[in-house]
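Work through these exercises with the model open. Try each task before you read its solution.

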Amino acid sequence: ISILSRETNSFSFPPKLQNCKAPGLYLLFEYRAADNLSEEFAEAARQLKKEAPRIQFGKIDVTHQHDLRKEFNIREFPTVKFFVDGSREDPIDCKGVRQASVFITWVKRRTGPSTVLINSTDQAEAIINADDFVVIGFFKELHNDCVEVFCETARDVPEMPFGMTASEDVRANYGIQKNTLVVFKKVGVQNGTDVESFVSQTSVKIFDVPVENHILLFTPTNSETFNAIYENYKSAAVEFRGKIMFVLVDTNETRNGRVFEYFRIRDIDVPAVRILNLTSNAKYKMPAEEVTVENLKEFCQSYLNGKAKLHLSSEEIPEDWDKMPVKVLVGKNFNRIVFNKTTTVFVMFYAPWSYDCRKLLPIWDKLGEQYESRKDIIIAKIDVTANDILSVGLDRYPFFRLFPAGPGYQVRSSWGRTWRHRFLHTHTVFSLYAEEQKPIKCS
(Lines give C-alpha, C1' and ligand atoms only; values in the text may rest on other atoms or scores of the structure.)
Protein backbone atom coordinates (compact mmCIF):
# COMPACT_ATOMS: atom_id res chain seq x y z
CA ILE A 1 0.00 0.00 0.00
CA SER A 2 1.32 3.45 -0.90
CA ILE A 3 1.27 5.81 2.07
CA LEU A 4 0.56 9.40 1.06
CA SER A 5 0.90 12.27 3.50
CA ARG A 6 1.30 16.00 3.72
CA GLU A 7 5.00 15.62 3.02
CA THR A 8 4.32 13.93 -0.33
CA ASN A 9 3.30 17.15 -2.03
CA SER A 10 -0.05 17.42 -0.17
CA PHE A 11 -1.76 14.89 -2.43
CA SER A 12 -0.43 13.28 -5.55
CA PHE A 13 -0.75 9.82 -6.95
CA PRO A 14 2.34 7.63 -7.03
CA PRO A 15 4.21 8.15 -10.34
CA LYS A 16 3.42 4.66 -11.57
CA LEU A 17 -0.28 5.31 -11.01
CA GLN A 18 -0.16 8.58 -12.94
CA ASN A 19 1.75 7.17 -15.86
CA CYS A 20 0.02 3.86 -16.48
CA LYS A 21 -3.53 5.11 -15.89
CA ALA A 22 -4.19 2.25 -13.52
CA PRO A 23 -7.25 2.28 -11.26
CA GLY A 24 -6.58 3.01 -7.60
CA LEU A 25 -8.46 2.53 -4.33
CA TYR A 26 -7.53 4.93 -1.54
CA LEU A 27 -8.42 4.99 2.15
CA LEU A 28 -8.64 8.58 3.42
CA PHE A 29 -8.64 8.88 7.19
CA GLU A 30 -8.00 11.06 10.20
CA TYR A 31 -5.46 9.80 12.71
CA ARG A 32 -8.03 9.76 15.51
CA ALA A 33 -10.62 8.04 13.31
CA ALA A 34 -8.44 5.16 12.12
CA ASP A 35 -9.90 1.77 13.06
CA ASN A 36 -9.80 -1.86 12.04
CA LEU A 37 -11.02 -0.83 8.58
CA SER A 38 -7.38 0.02 7.84
CA GLU A 39 -6.39 -3.59 8.60
CA GLU A 40 -9.13 -5.00 6.38
CA PHE A 41 -8.14 -2.57 3.63
CA ALA A 42 -4.51 -3.72 3.87
CA GLU A 43 -5.55 -7.38 3.75
CA ALA A 44 -7.57 -6.73 0.58
CA ALA A 45 -4.52 -5.08 -0.96
CA ARG A 46 -2.34 -8.09 -0.12
CA GLN A 47 -4.78 -10.56 -1.64
CA LEU A 48 -5.33 -8.53 -4.80
CA LYS A 49 -1.62 -7.94 -5.35
CA LYS A 50 -1.31 -11.32 -7.07
CA GLU A 51 -4.77 -11.47 -8.66
CA ALA A 52 -4.87 -7.91 -9.99
CA PRO A 53 -1.45 -6.25 -9.72
CA ARG A 54 -2.62 -3.41 -11.97
CA ILE A 55 -4.83 -2.03 -9.19
CA GLN A 56 -3.05 0.30 -6.79
CA PHE A 57 -3.95 0.72 -3.11
CA GLY A 58 -3.06 3.71 -0.95
CA LYS A 59 -3.76 5.30 2.44
CA ILE A 60 -3.82 9.04 3.07
CA ASP A 61 -3.86 10.73 6.47
CA VAL A 62 -5.90 13.88 5.82
CA THR A 63 -5.91 15.11 9.42
CA HIS A 64 -4.32 18.43 8.40
CA GLN A 65 -5.08 18.43 4.66
CA HIS A 66 -8.09 20.71 4.49
CA ASP A 67 -7.71 21.39 0.77
CA LEU A 68 -7.91 17.67 0.07
CA ARG A 69 -11.02 17.33 2.22
CA LYS A 70 -12.68 20.13 0.30
CA GLU A 71 -11.65 18.85 -3.13
CA PHE A 72 -13.15 15.42 -2.56
CA ASN A 73 -16.02 16.58 -0.32
CA ILE A 74 -14.91 14.40 2.60
CA ARG A 75 -17.33 14.73 5.52
CA GLU A 76 -16.81 11.52 7.46
CA PHE A 77 -13.91 9.27 8.29
CA PRO A 78 -12.61 6.89 7.25
CA THR A 79 -13.62 7.36 3.60
CA VAL A 80 -12.68 5.07 0.72
CA LYS A 81 -12.59 6.39 -2.84
CA PHE A 82 -11.89 4.63 -6.12
CA PHE A 83 -9.99 6.63 -8.73
CA VAL A 84 -10.70 5.35 -12.22
CA ASP A 85 -7.67 5.03 -14.53
CA GLY A 86 -5.50 7.05 -12.17
CA SER A 87 -7.55 10.21 -12.58
CA ARG A 88 -8.45 12.34 -9.58
CA GLU A 89 -11.57 13.56 -11.39
CA ASP A 90 -14.91 12.19 -10.15
CA PRO A 91 -13.73 9.35 -7.90
CA ILE A 92 -16.31 6.73 -6.92
CA ASP A 93 -17.22 6.40 -3.23
CA CYS A 94 -16.85 2.91 -1.78
CA LYS A 95 -19.53 3.09 0.93
CA GLY A 96 -20.52 0.56 3.55
CA VAL A 97 -17.62 -1.81 2.87
CA ARG A 98 -15.85 -2.97 6.03
CA GLN A 99 -14.33 -6.38 5.25
CA ALA A 100 -11.39 -7.41 3.10
CA SER A 101 -13.41 -9.97 1.14
CA VAL A 102 -16.07 -7.36 0.32
CA PHE A 103 -13.41 -4.83 -0.74
CA ILE A 104 -12.05 -7.44 -3.16
CA THR A 105 -15.48 -8.15 -4.62
CA TRP A 106 -16.25 -4.43 -4.92
CA VAL A 107 -13.00 -3.74 -6.81
CA LYS A 108 -13.42 -6.74 -9.09
CA ARG A 109 -16.93 -5.66 -10.00
CA ARG A 110 -15.69 -2.15 -10.77
CA THR A 111 -12.86 -3.36 -12.99
CA GLY A 112 -14.52 -6.39 -14.57
CA PRO A 113 -17.91 -8.12 -14.93
CA SER A 114 -20.24 -7.33 -12.02
CA THR A 115 -22.37 -10.45 -12.43
CA VAL A 116 -21.87 -14.10 -13.31
CA LEU A 117 -23.31 -15.16 -16.66
CA ILE A 118 -25.39 -18.29 -16.12
CA ASN A 119 -25.72 -20.64 -19.08
CA SER A 120 -27.22 -23.80 -17.56
CA THR A 121 -29.56 -24.95 -14.80
CA ASP A 122 -26.69 -26.81 -13.11
CA GLN A 123 -24.67 -23.60 -12.95
CA ALA A 124 -27.68 -21.72 -11.57
CA GLU A 125 -28.22 -24.34 -8.85
CA ALA A 126 -24.55 -24.26 -7.89
CA ILE A 127 -24.62 -20.46 -7.47
CA ILE A 128 -27.88 -20.53 -5.50
CA ASN A 129 -26.64 -23.22 -3.14
CA ALA A 130 -23.29 -21.56 -2.49
CA ASP A 131 -24.61 -18.57 -0.46
CA ASP A 132 -27.41 -17.63 1.91
CA PHE A 133 -28.58 -14.88 -0.44
CA VAL A 134 -28.23 -14.81 -4.22
CA VAL A 135 -29.71 -12.34 -6.71
CA ILE A 136 -30.37 -13.62 -10.23
CA GLY A 137 -31.75 -11.63 -13.13
CA PHE A 138 -33.74 -13.62 -15.69
CA PHE A 139 -33.85 -11.78 -19.01
CA LYS A 140 -35.10 -12.54 -22.49
CA GLU A 141 -31.97 -10.95 -23.93
CA LEU A 142 -28.89 -9.35 -22.41
CA HIS A 143 -28.68 -6.09 -24.34
CA ASN A 144 -31.27 -3.70 -22.90
CA ASP A 145 -31.70 -1.03 -20.22
CA CYS A 146 -32.92 -3.52 -17.60
CA VAL A 147 -29.68 -5.49 -17.79
CA GLU A 148 -27.64 -2.29 -17.56
CA VAL A 149 -29.44 -1.23 -14.38
CA PHE A 150 -29.05 -4.74 -12.96
CA CYS A 151 -25.29 -4.70 -13.55
CA GLU A 152 -24.96 -1.22 -12.05
CA THR A 153 -26.77 -2.41 -8.93
CA ALA A 154 -24.49 -5.44 -8.65
CA ARG A 155 -21.46 -3.15 -8.58
CA ASP A 156 -22.88 -1.30 -5.59
CA VAL A 157 -23.89 -4.34 -3.51
CA PRO A 158 -20.70 -6.42 -3.14
CA GLU A 159 -22.03 -8.26 -0.09
CA MET A 160 -24.33 -10.37 -2.27
CA PRO A 161 -23.57 -12.59 -5.27
CA PHE A 162 -25.30 -11.61 -8.53
CA GLY A 163 -25.95 -13.70 -11.60
CA MET A 164 -27.91 -13.24 -14.80
CA THR A 165 -29.14 -15.42 -17.60
CA ALA A 166 -30.92 -15.25 -20.92
CA SER A 167 -31.06 -19.02 -21.30
CA GLU A 168 -34.52 -20.31 -22.21
CA ASP A 169 -33.81 -23.59 -20.40
CA VAL A 170 -32.85 -21.83 -17.16
CA ARG A 171 -35.87 -19.53 -17.30
CA ALA A 172 -38.17 -22.47 -18.02
CA ASN A 173 -36.68 -24.43 -15.10
CA TYR A 174 -37.81 -21.69 -12.70
CA GLY A 175 -41.08 -20.98 -14.47
CA ILE A 176 -40.07 -17.46 -15.50
CA GLN A 177 -41.31 -15.96 -18.75
CA LYS A 178 -40.82 -12.19 -18.38
CA ASN A 179 -37.78 -10.16 -17.36
CA THR A 180 -37.59 -10.90 -13.64
CA LEU A 181 -35.24 -10.34 -10.71
CA VAL A 182 -35.31 -13.05 -8.06
CA VAL A 183 -33.65 -13.07 -4.63
CA PHE A 184 -32.95 -16.66 -3.53
CA LYS A 185 -32.73 -17.06 0.23
CA LYS A 186 -31.82 -20.13 2.24
CA VAL A 187 -34.58 -20.62 4.78
CA GLY A 188 -33.65 -22.29 8.05
CA VAL A 189 -35.68 -23.06 11.13
CA GLN A 190 -36.36 -19.82 12.98
CA ASN A 191 -37.79 -19.55 16.48
CA GLY A 192 -39.35 -16.53 18.11
CA THR A 193 -36.15 -15.29 19.75
CA ASP A 194 -34.11 -15.44 16.53
CA VAL A 195 -36.39 -13.52 14.22
CA GLU A 196 -35.17 -10.03 15.11
CA SER A 197 -31.48 -10.80 14.69
CA PHE A 198 -32.17 -12.73 11.49
CA VAL A 199 -34.09 -9.80 10.03
CA SER A 200 -31.42 -7.35 11.16
CA GLN A 201 -28.63 -9.32 9.51
CA THR A 202 -30.41 -9.73 6.20
CA SER A 203 -31.75 -6.19 6.00
CA VAL A 204 -28.19 -4.83 6.08
CA LYS A 205 -27.35 -6.78 2.94
CA ILE A 206 -30.43 -5.46 1.15
CA PHE A 207 -30.45 -1.81 2.21
CA ASP A 208 -26.77 -0.98 2.80
CA VAL A 209 -26.20 0.49 -0.65
CA PRO A 210 -24.66 3.81 -1.75
CA VAL A 211 -28.00 5.32 -2.85
CA GLU A 212 -29.26 6.72 0.45
CA ASN A 213 -32.58 7.97 -0.93
CA HIS A 214 -35.31 5.38 -1.37
CA ILE A 215 -38.80 5.98 -2.71
CA LEU A 216 -41.40 3.32 -1.96
CA LEU A 217 -44.69 2.68 -3.73
CA PHE A 218 -47.23 0.85 -1.55
CA THR A 219 -49.93 -0.79 -3.64
CA PRO A 220 -51.59 -4.21 -4.10
CA THR A 221 -50.21 -5.88 -7.20
CA ASN A 222 -53.55 -7.54 -7.98
CA SER A 223 -55.56 -4.32 -8.14
CA GLU A 224 -57.20 -3.15 -11.38
CA THR A 225 -55.11 0.02 -11.39
CA PHE A 226 -51.77 -1.66 -10.65
CA ASN A 227 -50.47 -1.94 -14.24
CA ALA A 228 -51.08 1.74 -14.98
CA ILE A 229 -49.59 2.89 -11.66
CA TYR A 230 -46.57 0.64 -12.03
CA GLU A 231 -45.85 1.88 -15.55
CA ASN A 232 -45.94 5.47 -14.27
CA TYR A 233 -43.60 4.49 -11.45
CA LYS A 234 -41.09 2.86 -13.81
CA SER A 235 -41.20 5.83 -16.17
CA ALA A 236 -40.38 8.27 -13.35
CA ALA A 237 -37.57 6.02 -12.09
CA VAL A 238 -35.54 6.44 -15.29
CA GLU A 239 -35.00 10.15 -14.65
CA PHE A 240 -33.68 9.65 -11.11
CA ARG A 241 -31.38 6.69 -11.69
CA GLY A 242 -28.44 6.81 -9.29
CA LYS A 243 -30.11 9.50 -7.17
CA ILE A 244 -33.17 7.74 -5.77
CA MET A 245 -33.78 4.01 -5.53
CA PHE A 246 -37.34 3.06 -6.52
CA VAL A 247 -38.90 0.24 -4.50
CA LEU A 248 -42.27 -1.50 -4.94
CA VAL A 249 -44.02 -2.84 -1.83
CA ASP A 250 -46.92 -5.23 -2.41
CA THR A 251 -49.52 -4.48 0.27
CA ASN A 252 -51.09 -7.91 -0.23
CA GLU A 253 -47.89 -9.60 0.96
CA THR A 254 -48.31 -10.30 4.68
CA ARG A 255 -44.54 -10.61 5.16
CA ASN A 256 -44.28 -6.88 4.42
CA GLY A 257 -46.15 -6.08 7.63
CA ARG A 258 -43.09 -4.59 9.35
CA VAL A 259 -42.58 -2.21 6.42
CA PHE A 260 -46.21 -1.02 6.63
CA GLU A 261 -45.81 -0.52 10.36
CA TYR A 262 -42.58 1.44 9.96
CA PHE A 263 -44.12 3.82 7.42
CA ARG A 264 -47.53 3.90 9.20
CA ILE A 265 -49.29 2.72 6.03
CA ARG A 266 -52.92 1.65 6.47
CA ASP A 267 -55.19 -0.14 4.00
CA ILE A 268 -57.12 3.05 3.32
CA ASP A 269 -53.88 4.89 2.45
CA VAL A 270 -52.88 2.82 -0.59
CA PRO A 271 -51.70 3.47 -3.16
CA ALA A 272 -49.20 5.55 -1.20
CA VAL A 273 -45.74 6.93 -1.97
CA ARG A 274 -43.03 7.71 0.58
CA ILE A 275 -39.38 8.77 0.41
CA LEU A 276 -36.95 7.55 3.05
CA ASN A 277 -33.46 8.94 3.65
CA LEU A 278 -31.40 6.04 5.01
CA THR A 279 -28.87 8.32 6.71
CA SER A 280 -31.27 10.48 8.73
CA ASN A 281 -34.30 8.10 8.71
CA ALA A 282 -36.36 11.10 7.62
CA LYS A 283 -39.60 10.26 5.81
CA TYR A 284 -41.48 12.30 3.22
CA LYS A 285 -45.03 11.82 1.94
CA MET A 286 -45.99 12.61 -1.64
CA PRO A 287 -48.53 15.46 -1.40
CA ALA A 288 -50.51 14.39 -4.45
CA GLU A 289 -52.80 11.39 -4.08
CA GLU A 290 -52.73 10.30 -7.73
CA VAL A 291 -49.66 8.30 -8.76
CA THR A 292 -48.84 9.89 -12.11
CA VAL A 293 -45.49 10.38 -13.82
CA GLU A 294 -45.78 14.15 -13.34
CA ASN A 295 -46.62 13.90 -9.62
CA LEU A 296 -43.81 11.42 -8.99
CA LYS A 297 -41.22 13.55 -10.79
CA GLU A 298 -42.35 16.69 -8.98
CA PHE A 299 -42.16 14.92 -5.61
CA CYS A 300 -38.68 13.47 -6.26
CA GLN A 301 -37.27 16.74 -7.56
CA SER A 302 -38.75 18.65 -4.65
CA TYR A 303 -37.04 16.23 -2.27
CA LEU A 304 -33.67 16.48 -4.04
CA ASN A 305 -33.95 20.29 -3.98
CA GLY A 306 -34.53 20.21 -0.22
CA LYS A 307 -38.04 21.62 -0.50
CA ALA A 308 -40.12 18.54 0.43
CA LYS A 309 -41.78 18.65 3.85
CA LEU A 310 -40.93 16.03 6.46
CA HIS A 311 -43.68 13.57 7.27
CA LEU A 312 -43.67 12.96 11.03
CA SER A 313 -46.10 10.49 12.54
CA SER A 314 -47.30 10.74 16.11
CA GLU A 315 -49.92 9.12 18.28
CA GLU A 316 -52.27 11.40 20.15
CA ILE A 317 -51.15 12.34 23.67
CA PRO A 318 -52.94 9.97 26.08
CA GLU A 319 -55.04 11.72 28.71
CA ASP A 320 -53.27 9.74 31.44
CA TRP A 321 -49.76 9.97 29.95
CA ASP A 322 -48.28 11.28 33.24
CA LYS A 323 -50.45 9.40 35.74
CA MET A 324 -48.31 6.27 36.03
CA PRO A 325 -44.73 5.89 37.37
CA VAL A 326 -43.48 5.48 33.78
CA LYS A 327 -44.62 8.42 31.68
CA VAL A 328 -45.91 7.79 28.16
CA LEU A 329 -44.28 9.88 25.45
CA VAL A 330 -45.45 10.33 21.86
CA GLY A 331 -44.16 12.42 18.99
CA LYS A 332 -46.32 15.42 19.95
CA ASN A 333 -44.98 15.76 23.50
CA PHE A 334 -41.49 14.24 23.19
CA ASN A 335 -39.37 17.37 22.72
CA ARG A 336 -41.32 19.36 25.31
CA ILE A 337 -40.78 16.72 27.99
CA VAL A 338 -37.24 15.49 27.37
CA PHE A 339 -35.52 18.76 26.44
CA ASN A 340 -35.99 20.97 29.48
CA LYS A 341 -33.88 22.84 32.01
CA THR A 342 -35.13 21.36 35.27
CA THR A 343 -35.82 17.65 34.78
CA THR A 344 -33.66 14.68 33.84
CA VAL A 345 -35.55 12.21 31.63
CA PHE A 346 -34.59 8.57 31.11
CA VAL A 347 -36.39 7.06 28.10
CA MET A 348 -36.88 3.50 26.90
CA PHE A 349 -37.50 3.28 23.15
CA TYR A 350 -39.44 0.11 22.42
CA ALA A 351 -41.41 -1.79 19.80
CA PRO A 352 -44.58 -3.58 20.99
CA TRP A 353 -43.83 -6.63 18.84
CA SER A 354 -40.29 -7.07 20.18
CA TYR A 355 -39.76 -10.05 22.49
CA ASP A 356 -36.94 -8.27 24.34
CA CYS A 357 -39.05 -5.14 24.81
CA ARG A 358 -41.99 -7.07 26.24
CA LYS A 359 -39.69 -8.78 28.72
CA LEU A 360 -38.22 -5.45 29.83
CA LEU A 361 -41.39 -3.35 30.20
CA PRO A 362 -42.36 -4.76 33.65
CA ILE A 363 -38.81 -4.13 34.89
CA TRP A 364 -38.97 -0.60 33.47
CA ASP A 365 -42.18 -0.05 35.46
CA LYS A 366 -40.31 -0.99 38.64
CA LEU A 367 -37.60 1.54 37.82
CA GLY A 368 -40.35 4.14 37.40
CA GLU A 369 -41.73 3.29 40.83
CA GLN A 370 -38.26 3.61 42.34
CA TYR A 371 -37.93 7.23 41.15
CA GLU A 372 -41.60 8.24 41.20
CA SER A 373 -41.10 10.54 44.19
CA ARG A 374 -38.22 12.42 42.55
CA LYS A 375 -39.50 15.66 41.02
CA ASP A 376 -36.25 16.18 39.11
CA ILE A 377 -36.30 12.77 37.38
CA ILE A 378 -38.77 11.24 34.91
CA ILE A 379 -38.74 7.62 33.77
CA ALA A 380 -40.51 7.39 30.40
CA LYS A 381 -41.14 5.15 27.41
CA ILE A 382 -42.10 5.69 23.78
CA ASP A 383 -43.34 3.34 21.08
CA VAL A 384 -40.99 4.12 18.19
CA THR A 385 -43.08 2.11 15.72
CA ALA A 386 -45.87 4.69 16.04
CA ASN A 387 -43.92 7.92 16.59
CA ASP A 388 -41.18 9.57 14.51
CA ILE A 389 -38.42 11.16 16.58
CA LEU A 390 -35.74 12.77 14.43
CA SER A 391 -33.71 14.11 17.37
CA VAL A 392 -32.72 10.56 18.36
CA GLY A 393 -30.81 8.12 16.18
CA LEU A 394 -32.57 4.78 15.99
CA ASP A 395 -30.95 1.66 17.38
CA ARG A 396 -31.93 -1.96 17.79
CA TYR A 397 -34.91 -2.32 20.12
CA PRO A 398 -35.00 -1.83 23.01
CA PHE A 399 -32.61 1.09 23.39
CA PHE A 400 -32.28 3.82 25.98
CA ARG A 401 -31.38 7.50 26.10
CA LEU A 402 -30.66 9.69 29.10
CA PHE A 403 -31.56 13.39 28.72
CA PRO A 404 -29.92 15.34 31.56
CA ALA A 405 -31.58 18.54 32.71
CA GLY A 406 -30.33 21.54 30.79
CA PRO A 407 -29.68 22.16 27.08
CA GLY A 408 -30.46 19.63 24.36
CA TYR A 409 -27.96 16.99 25.47
CA GLN A 410 -28.46 13.24 25.41
CA VAL A 411 -26.37 10.33 26.58
CA ARG A 412 -26.28 7.35 24.27
CA SER A 413 -25.68 3.93 25.77
CA SER A 414 -23.48 1.20 24.32
CA TRP A 415 -24.34 -2.36 25.17
CA GLY A 416 -23.04 -5.84 25.67
CA ARG A 417 -24.36 -8.82 23.76
CA THR A 418 -27.65 -9.50 25.56
CA TRP A 419 -30.63 -7.38 26.44
CA ARG A 420 -30.26 -8.36 30.10
CA HIS A 421 -26.72 -6.97 30.16
CA ARG A 422 -27.97 -3.91 28.31
CA PHE A 423 -30.56 -3.15 30.97
CA LEU A 424 -28.37 -3.91 33.98
CA HIS A 425 -25.60 -1.74 32.55
CA THR A 426 -28.04 1.09 31.86
CA HIS A 427 -29.68 0.78 35.27
CA THR A 428 -26.30 0.95 37.04
CA VAL A 429 -25.13 4.02 35.15
CA PHE A 430 -28.46 5.77 35.68
CA SER A 431 -28.41 5.02 39.42
CA LEU A 432 -24.94 6.54 39.66
CA TYR A 433 -26.14 9.58 37.77
CA ALA A 434 -29.26 9.99 39.89
CA GLU A 435 -27.27 9.81 43.13
CA GLU A 436 -24.37 12.02 42.08
CA GLN A 437 -26.40 14.40 39.89
CA LYS A 438 -23.84 14.68 37.10
CA PRO A 439 -23.86 13.35 33.52
CA ILE A 440 -22.10 10.02 33.09
CA LYS A 441 -21.64 8.75 29.57
CA CYS A 442 -22.29 5.06 29.18
CA SER A 443 -19.52 3.03 27.60
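**Exercise 1. Which residue in S11 does histidine 214 stand opposite?**

Solution. The model is predicted: local features need pLDDT of at least 70, side-chain atom pairs count only at pLDDT 80 or more, and totals for chains, interfaces and linings use all residues. Residues are numbered from 1 along each chain as its sequence is written, and side-chain values use heavy atoms, with hydrogens and water left out.

- Start with the terms. Strands (E, at least two residues) and helices (H or I, at least four) are DSSP runs, numbered from the N terminus. Two strands pair if DSSP finds at least two bridges between them.
- Find strand S10, residues 213–219. It runs parallel to S11, and 6 bridges join the two.
- Read across. Histidine 214 faces methionine 245 in S11.

**Exercise 2. Place S10 and S11 in their sheet, and explain which strands stand at the edges.**

Solution.

- Write down the order: S11-S10-S12-S13. This is an open sheet of 4 strands with mixed pairing.
- Check the ends. S11 (245–250) and S13 (283–285) each have a single partner strand, so one side of each lacks a neighbour in the sheet.
- Add the twist. From one strand to the next it averages 25°.

**Exercise 3. Describe how helices H9 and H11 lie on the sheet and on each other.**

Solution. Axes are lines fitted to C-alpha atoms, for helices over the stretch in contact; angles run from 0 to 180 degrees between N-to-C directions. Contact means heavy atoms within 4.5 Å.

- Take H9 (residues 226–239). It lies across S10 and S11, at about 165° to S11.
- Take H11 (residues 293–304). It lies across S10, S11, S12 and S13, at about 20° to S12.
- Now pair the helices. H9 and H11 pack at about 40°, with axes 9 Å apart.
- List the contact. H9 supplies Asn232, Tyr233, Ser235, Ala236 and Glu239; H11 supplies Val293, Leu296 and Lys297.

**Exercise 4. Which way do the residues of strand S8 point?**

Solution.

- Recall the rule. In a regular strand, side chains alternate between the two faces of the sheet.
- Apply it to residues 162–165. Phe162 and Met164 point one way, Gly163 and Thr165 the other.
- Check burial (under 20% relative accessible area, 1.4 Å probe, protein chains only). All of these S8 residues are buried.
- Add the partners. S6 (residues 116–117) runs parallel to S8, with 2 bridges. S7 (residues 133–138) also pairs with S8 in the parallel sense, over 4 bridges.
- Fix the register. Valine 116 stands opposite glycine 163, and valine 135 opposite phenylalanine 162.

Terms used:
Buried < 20%, exposed > 50% of the residue type's maximum accessible area, 1.4 Å probe, protein only.
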